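Reader: I've got a model open on my screen and I'd like some help reading it. Could you walk me through a few features, one at a time?

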Amino acid sequence: MMNDNVVSFFSDSPPYQMLNEKLSWLLNFDTSGMLTFVIYFVAAFVIVNVMALVGGLGTYAERKISADLQMRQGPNRVGPFGLLQFLADGVKMIMKEDIIPKTSDKYLFFIAPILCMVGVFATLAVLPFSSGFTLTHLNIGVFYVLGVSSLVGVGIFLGGYSSNSKWSMLGGMRGASQIISYEVPVTLSIIAMVLLGGGLNFKTIVGAQGGMPHEWFIFHNPFTIISFVVFFIGMLAETNRAPFDLPEAESELVSGYHTEFTGMRFAFFALAEYVEVFVVCGVAAALYLGGYQVPFGLSSMEVLHTKIGLPMAPAKMIGQFLEIGGFVTKTVLLYYVVIWIRWTLPRLRVDQLMTLCWKYLTPIALFNLVGVAVWIYLFNGESMWNLVFKTGAAAAGHH
Amino acid sequence: MPAYNLDVYMPVVILMVIAIVMVVGALLVGKLLRPHNPTALKEQAYECGEDPVGSAWSNFNVRFYVVSLVFIIFDVEGALMFPVAVIYKKFNGIGQGGLVLASLLLFIGVLVSGIVYCWKKGDLDWVKSFTLESYHHDRDQAQAERKTA
Amino acid sequence: MFDNFLFLSSASLTIVGALAVVLAPNLMHACTYLLTALVGVSGLYVTLSADFLAATQLVVYVGGVVILMLFAIMLTGGNDNKSVNKFGIEKVAPMGNAKTFTLAGFSAFVMALVILKIIANVNKATPKAEMAPYETTVERIGELLITDHVLAFEISSVLLLGALIGAALIARPRRREQ
């Protein structure tokens with residue numbers, strides 16, 4: 001198989017081949033297609049459940065961290081340290097009465113949360129957890145994420161529109177215009193990383209980086225550091241996180257585009273938001289922070305199998321788990337920063353938001369793009385550390 | 001039978017279906033658990049306790065429209081730049097990087113000139129500023145109109 | 001197996017979505033149907049192994065054009081399901097009379113003949129026996145944009161510049177003159 005993903009990971013193993021043979025013999029046709037579907041389905045199901053858990057724990061983390069920053073206790077009644085609070089919230093949500101305003105547009109009211117969920121969940125397909133345990137390494141990776149996540153903007157707008165409430169409508173309009181505006185600097189920053197990585201596939205981009213921080217793209221050259229900052233700010237705005245939470249500004253718009261949504265419908269908007277934050281943090285980690293790369297090549301077969309002497313199959317597994325650990329650590333750290341920012345910075349005004357996007361971030365992102373392109377041309381794609389080492393070595397050799 | 005193996009797109013479809021099933025399923029299951037006794041007050045749109053006056057579907061400011069128009073143009077530029085960005089490293093490796101860089105810079109240059117134009121003309125301002133100059137301009141025109149009338 | 005499923009589902013999404021757009025009396029609903037049709041078209045691109053084009057379809061049409069349409073509808077005050085606007089004019093204009101329907105039917109017939117003529121050649125081509133590995137089209141597009149079609153690439157930026165200035169001009173508030 002060309003693509004290195006969950007299916008190829010499993011189909012290399014002997015039990016799979018044995019099972020495939022048995023089934024093919026039993027059912028009288030080639031069952032590898034069916035097994036592919038089963039593996040994909042199980043993997044997708046697992047990832048969706050883990051992500052729902054991440055979304056739930058995200059709300060818990062948000063409340064706990066905000067409490068920490070404000071010297072409060074936060075949720076501490078349900079379960080140890082209040083860890084099961086999100087489950088209690090979920091039960092509460094599903095028991096809530098489902099109220100749809102009489103003046104609302106029923107069809108759009110139904111479709112809006114679905115669009116948000118579909119847009120966010122579809123991006124999970126390419127999120128590179130590790131080199132083997134990714135659902136699929138599409139050749140259009142990053143660009144695909146940009147494409148499907150734009151469904152969320154439509155969902156937020158329709159959520160605001162369908163409620164037929166002034167606050168919701170304002171929130172929806174703001175949300176959609178904010179999301180599309182900040183997509184411009186984000187896209188330009190991503191293009192700069194694609195220049196460095198030489199591919200849209202997450203595997204290519206992550207593969208071009210290394211495990212140690214000086215091999216990450218963020219520290220590749222001075223422009224990429226600025227590029228990361230631009231990407232991070234744009235990412236906050238695209239996921240409607242503070243200080244860009246104007247679509248749901250509770251002090252001015254009640255709760256913004258989801259004011260009229262009750263119970264599970266609201267829960268899906270919230271879940272979509274928290275999972276989207278995780279996804280974009282993951283994308284940031286993959287693009288800038290070396291993704292699933294582990295320092296010293298610890299996860300590679302070379303070290304685990306040849307040097308340490310582990311047998312083939314466990315070495316492969318341990319390598320994958322190390323990579324997942326690396327990826328999740330980076331993503332969760334970014335997630336923490338996102339929450340931290342929310343409880344630190346005050347909200348922007350609409351005109352400040354637009355000024356920041358069009359007059360600061362977009363020109364800076366364009367400048368970065370040109371800078372990265374010129375850097376690659378001038379120094380043949382070498383990172384600044386390599387250049388420093390080289391000149392250092394040359395100087396040492398001179399004397 | 002198409003000539004390509006599309007299995008890599010299977011998870012995309014699976015995830016989309018799971019998302020839809022999740023929402024619809026949770027709403028259906030919830031139907032068994034949740035109470036249902038709507039009243040006229042409950043079904044009103046919540047507008048801080050006030051009775052809603054008129055529909056929320058009213059004319060919106062043109063600037064939202066302008067933002068999305070400008071966005072589409074940038075979007076298309078991005079879509080055109082992605083393939084060129086992908087091959088840049090490869091071309092640089094075989095000594096053709098200057099060619100790609102030149103065409104990329106030209107492309108971005110034209111784009112930048114557009115932004116500069118919009119910036120100078122004040123199209124990037126969210127709040128169209130009310131300057132003393134524009135005030136005088138409007139006042140003079142109004143006076144001229146009154147004189148002719 | 002999955003190829004057939006993907007093709008059938010995207011094709012039906014496209015056709016049903018497009019039909020719903022035409023038949024929907026509500027503009028906002030029509031926009032969501034258009035969304036399904038556009039997603040279906042992107043699925044069709046995937047079955048043709050034009051993966052980059054599929055993603056572009058999503059990025060530009062779903063993310064840009066549909067939102068632009070939604071904003072354009074809001075510019076006119078949205079659709080409050082009244083068939084008569086505040087000037088007493090019917091919003092949904094009558095779709096035509098016998099003459100226009102006849103003309104439309106005739107042109108549709110001619111179009112169908114032309115398209116069938118084109119498709120006939122495709123059917124004559126021998127189908128490949130084995131499934132080739134999936135290959136990316138991005139690099140091929142990039143190479144062509146830089147070598148054979150570099151002029152088109154640069155001219156398109158000028159076209160987009162024109163569009164940008166045009167968009168800005170249309171939206172600029174005009175001073176009262178004369």
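Author: Sure, let's go through the chain contacts and then a few single residues. Keep in mind that this is a predicted model.

Reader: Let's start with chains A and B. How many residues does each chain bring to the contact?

Author: For any interface, count the residues on each side, then see which elements supply them. Here chain B brings 59 residues and chain A brings 70. On the chain B side, helices H1 (10–33), H2 (62–93) and H3 (97–120) each give at least two residues. H1(B) has the largest share, with 15 residues.

Reader: And what is the side of chain B that touches chain A made of, by class?

Author: That side splits into 43 nonpolar, nine polar and seven charged residues.

Reader: Now chain C. Which helix gives the most to the side of chain C that touches chain A?

Author: Same routine. This contact takes 21 residues from chain C and 24 from chain A. Helix H2 (27–47) and helix H3 (51–75) of chain C each supply at least two residues of chain C's side, and H3(C) gives the most, with 11 residues. By class, you'll find 15 nonpolar, five polar and one charged on that side.

Reader: Let's zoom in. Is Val118(A) buried or exposed?

Author: To judge that, count the C-beta atoms around the residue; 20 or more within 10 Å makes it buried. Val118(A) counts as buried because it has 25 C-beta neighbours inside 10 Å. You'll find Val118(A) in helix H5 (residues 106–123) of chain A.

Reader: Which residues does Val118(A) touch, leaving aside those up to four places away in sequence?

Author: Its partners are Leu151(A) in its own chain, plus Met16(B), Ala19(B) and Ile20(B). Also look at Val148(A): it sits 30 residues from Val118(A) in sequence, with 8.3 Å between their C-alpha atoms.

Reader: What about backbone angles? Which phi value does Met71(A) have?

Author: When scanning phi, look out for positive values in residues other than glycine. Met71(A) is one of these, with phi near 55 degrees. Met71(A) lies in the loop between helix H3 (32–69) and helix H4 (85–95) of chain A. Met71(A) counts as exposed, because just 6 C-beta neighbours fall inside 10 Å, and the cut-off for exposed is 12 or fewer.

Reader: Where is Asn164(A) found, and is it buried or exposed?

Author: Asn164(A) is in the loop between helix H6 (141–163) and helix H7 (166–197) of chain A. Its phi is positive too, about 55 degrees, though it isn't a glycine. Asn164(A) has 23 C-beta neighbours inside 10 Å, so it counts as buried.

Terms used:
Residues numbered from 1 in each chain as written. Chains lettered and ligands numbered in written order. Predicted model: local features only at pLDDT ≥ 70, side-chain atom pairs only at ≥ 80, totals over all residues. Contact = placed C-beta atoms within 7 Å. Helix = DSSP H or I, 4+ residues; strand = E, 2+ residues; numbered from the N terminus. Nonpolar A, V, L, I, M, F, W, Y, C, P; charged D, E, K, R; others polar.
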